[in-house]
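Here is a friendly walk through one protein model, written for someone who would rather be at the bench. Have the sequence and the 3D view open as you read.

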Amino acid sequence: MTTTVPKIYAFHEFSQVADAVADYVVYAQNHALLKNVKNDRKHSNISLHSVNNDDDSNNSSSTVPAGNLNFAKSESSQLLNKENNNSAVKSTKSLSSVSGSSKFSKAKKDPRFKIALSGGSLIQVLHEGLLKRDDVQWGKWDIYFADERLVPFESEHSNYGLAKRKIFDMIETEKFGKPNIYHIDESLIDDPQECADDYEKILIKGFAGRDSVKLPMFDLFLLGCAPDGHIASLFPNFQENLREKLAWVVPVTGAPSGPTERISLTIPVICHSHRLAFVVEGATKAPVLKTIMERPEKGLPSSIVNEGAAGRVSWFVDDDALSDVFVTKKTYKYRSNQSNELGL
Ligand SMILES: O=C1O[C@H](COP(=O)(O)O)[C@@H](O)[C@H](O)[C@H]1O
């Protein structure tokens, strides 16, 4: 394994992590929605190539070359503002029922932001960072889960249950629209294999016709990392799961921490995402972060992702989790308003 160093954004406090992660999520959302408009315009023979979508640059001037900003504002913003107005009042379902003659016109009428959420501490980060913002276009989100613990939704251990209580139930849907949420079938929690197969079918349905059907491509994949090194429900010593090449979703039985039965999206799906972010806080995570950052050859799940999705991975970490970890830290530069400049 070669050594690939991801971008590591360090913060003194939890609230700073939450605000930065929320900014990054909105930034990814805006670019995903813009991408759909770009596709549509490309297929209308009107080029938007002048709008640079190389978004990981921290330099706002490189995101939109100055000479092209007016074009971006006048053309793509009109199109998107129209869509944005729609989303505040219409549910996804009503938008998707609008007839379109091609998949490109459908993309224009119904641009979506596809995101995968992990559970655990990430949910509190998103609760704090996202709910207070007024630029989250919830009505355009398709939310999937990176993994699920096979317990009833009402259990405190359910990733979907936690996200529902802490985030989804608190969205002002009249104002921001309602996201599409794709969770496991709760009636299958006693059968990990069937539950995994069923969730894979849900993913196939959600992604067929968009990008490649060989692997889904999330616009953003959000991950945590537990003290024992597991991400999603992929555990360090479960080599078979870590080496899975074909399945999009695997059953997990006998997990060494937390609920033992789970399902998880696989490494190829995670690594295929357009952007990936790990969110890790607290001193209990410092030892595992040290191994991930300083000993990538150990092949912990996060190191596999750092390598497999090289160049697309960011880490949002607080100082406690980075204590005694030798790594180059970057200062996060707020960027969601860059895409506002595009009229999003
Ligand atoms: O079991 C799980 O743990 C990981 C890490 O959780 P954290 O609370 O340590 O951040 C989480 O990402 C995953 O979704 C969950 O099922």
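Let's begin at the surface: aspartate 324 is exposed, with a relative accessible area of 53%. Residues count as exposed when that value is over 50%, so aspartate 324, at 53%, falls in that class. You will find aspartate 324 in the loop between β10 and α14 (336–340). Its backbone deserves a look too, since phi of aspartate 324 is near 70 degrees, a positive value in a residue other than glycine. Most residues other than glycine have a negative phi. Alanine 232 also has a positive phi, near 50 degrees. Alanine 232 sits in the loop between β6 and α10 (239–243) and is buried, with a relative accessible area of 9%.

Please keep in mind that this is a predicted model.

**The overall picture**

The protein has 14 helices and ten strands. Of its 344 residues, 54% count as buried. Among contacts between residues at least 6 apart in sequence, 77% join residues at least 24 apart.

**The nonpolar core**

In soluble globular proteins, nonpolar side chains tend to be buried together. Here the largest nonpolar core has 88 residues, and those with the most contacts inside it are Leu289, Trp315 and Phe316. Helix α1 (residues 14–42) supplies the largest share of this core, twelve residues. What does leucine 289 touch, leaving out residues up to four places away in sequence? Its partners are Val280, Glu294, Trp315, Val317, Ala321, Leu322 and Val325.

**Aromatic rings**

The model holds 20 aromatic pairs. One of them joins phenylalanine 11 and phenylalanine 316: the ring centres are 6.2 Å apart and the planes meet at 10 degrees, so the pair is stacked. This pair links distant parts of the chain, with phenylalanine 11 in strand β1 (residues 7–11) and phenylalanine 316 in strand β10 (residues 313–318), 305 residues apart. Both partners are out of reach of the surface by the numbers: phenylalanine 11 is buried at a relative accessible area of 8%, and phenylalanine 316 is buried at 1%.

Phenylalanine 207 and phenylalanine 218 make an edge-to-face pair, 4.9 Å from centre to centre with 75 degrees between the planes. Phenylalanine 207 lies in helix α9 (residues 192–207) and phenylalanine 218 in the loop between α9 and β6 (220–223), so the pair ties together parts that are eleven residues apart in sequence. Phenylalanine 207 is buried, at 0% relative accessibility, and phenylalanine 218 is buried as well, with a relative accessible area of 0%.

Some of these rings have further company. Phe11 and Phe316 belong to one aromatic cluster with Tyr9, Tyr24, Tyr27, Tyr332 and Tyr334. Charged side chains join in as well: the charged end of arginine 335 sits over the ring of tyrosine 27, 5.5 Å from its centre. In a similar way, the charged end of lysine 114 sits over the ring of phenylalanine 207, 5.0 Å from its centre.

**Around the ligand**

Which residues are closest to the ligand? There are 14 residues surrounding the ligand, and the closest are Gly119, Ser121, Asp147, Arg149 and His230. The table lists polar contacts between side chains and oxygen atoms of the ligand.

| Residue | Ligand atom | Distance |
|---|---|---|
| Aspartate 147 | oxygen | 2.5 Å |
| Arginine 149 | oxygen | 2.8 Å |
| Lysine 285 | oxygen | 2.9 Å |

Lysine 285 is worth a closer look. Is lysine 285 buried or exposed? At 9% relative accessibility, lysine 285 counts as buried, since the cut-off for buried is under 20%. Lysine 285 lies in the loop between β9 (276–280) and α12 (286–294). Leaving aside neighbours within four places in sequence, lysine 285 is in contact with Ser121, Cys225, Ala226, Pro227, Val280 and Ala321. Besides the ligand oxygen at 2.9 Å, a polar atom of the lysine 285 side chain lies 3.1 Å from the backbone oxygen of cysteine 225. The C-alpha atoms of lysine 285 and aspartate 318 are 10.0 Å apart in space, while these residues are 33 places apart in sequence.

Two residues offer a link between the regions described here. Val280 and Ala321 are among the partners of leucine 289, and Val280 and Ala321 are also in contact with lysine 285.

Definitions and conventions. Residues are numbered from 1 along each chain as its sequence is written. This is a predicted model: local features need pLDDT of at least 70, side-chain atom pairs count only at pLDDT 80 or more; totals for chains, interfaces and linings use all residues. Side-chain values use heavy atoms; hydrogens and water are left out. A nonpolar core is a set of buried Ala, Val, Leu, Ile, Met, Phe, Trp, Tyr and Cys residues joined through side-chain atoms within 4.5 Å. Buried means under 20% relative accessible area, exposed over 50%, partly exposed in between (1.4 Å probe, protein chains only). Helices (H or I, at least four residues) and strands (E, at least two) are DSSP runs, numbered from the N terminus. Contact means heavy atoms within 4.5 Å. Rings of Phe, Tyr and Trp (its six-membered ring) pair if their centres lie within 6.5 Å; planes under 30 degrees apart count as stacked, over 60 as edge-to-face and the rest as tilted. A charge sits over a ring if NZ of Lys or CZ of Arg is within 6 Å of the ring centre and within 35 degrees of the ring normal. A residue is near a molecule or strand if one of its heavy atoms lies within 4 Å of it. A polar contact is a pair of N or O atoms within 3.5 Å; within protein, one must be able to donate a hydrogen and the other to accept it, and residues adjacent in sequence count only if both atoms are side-chain atoms.
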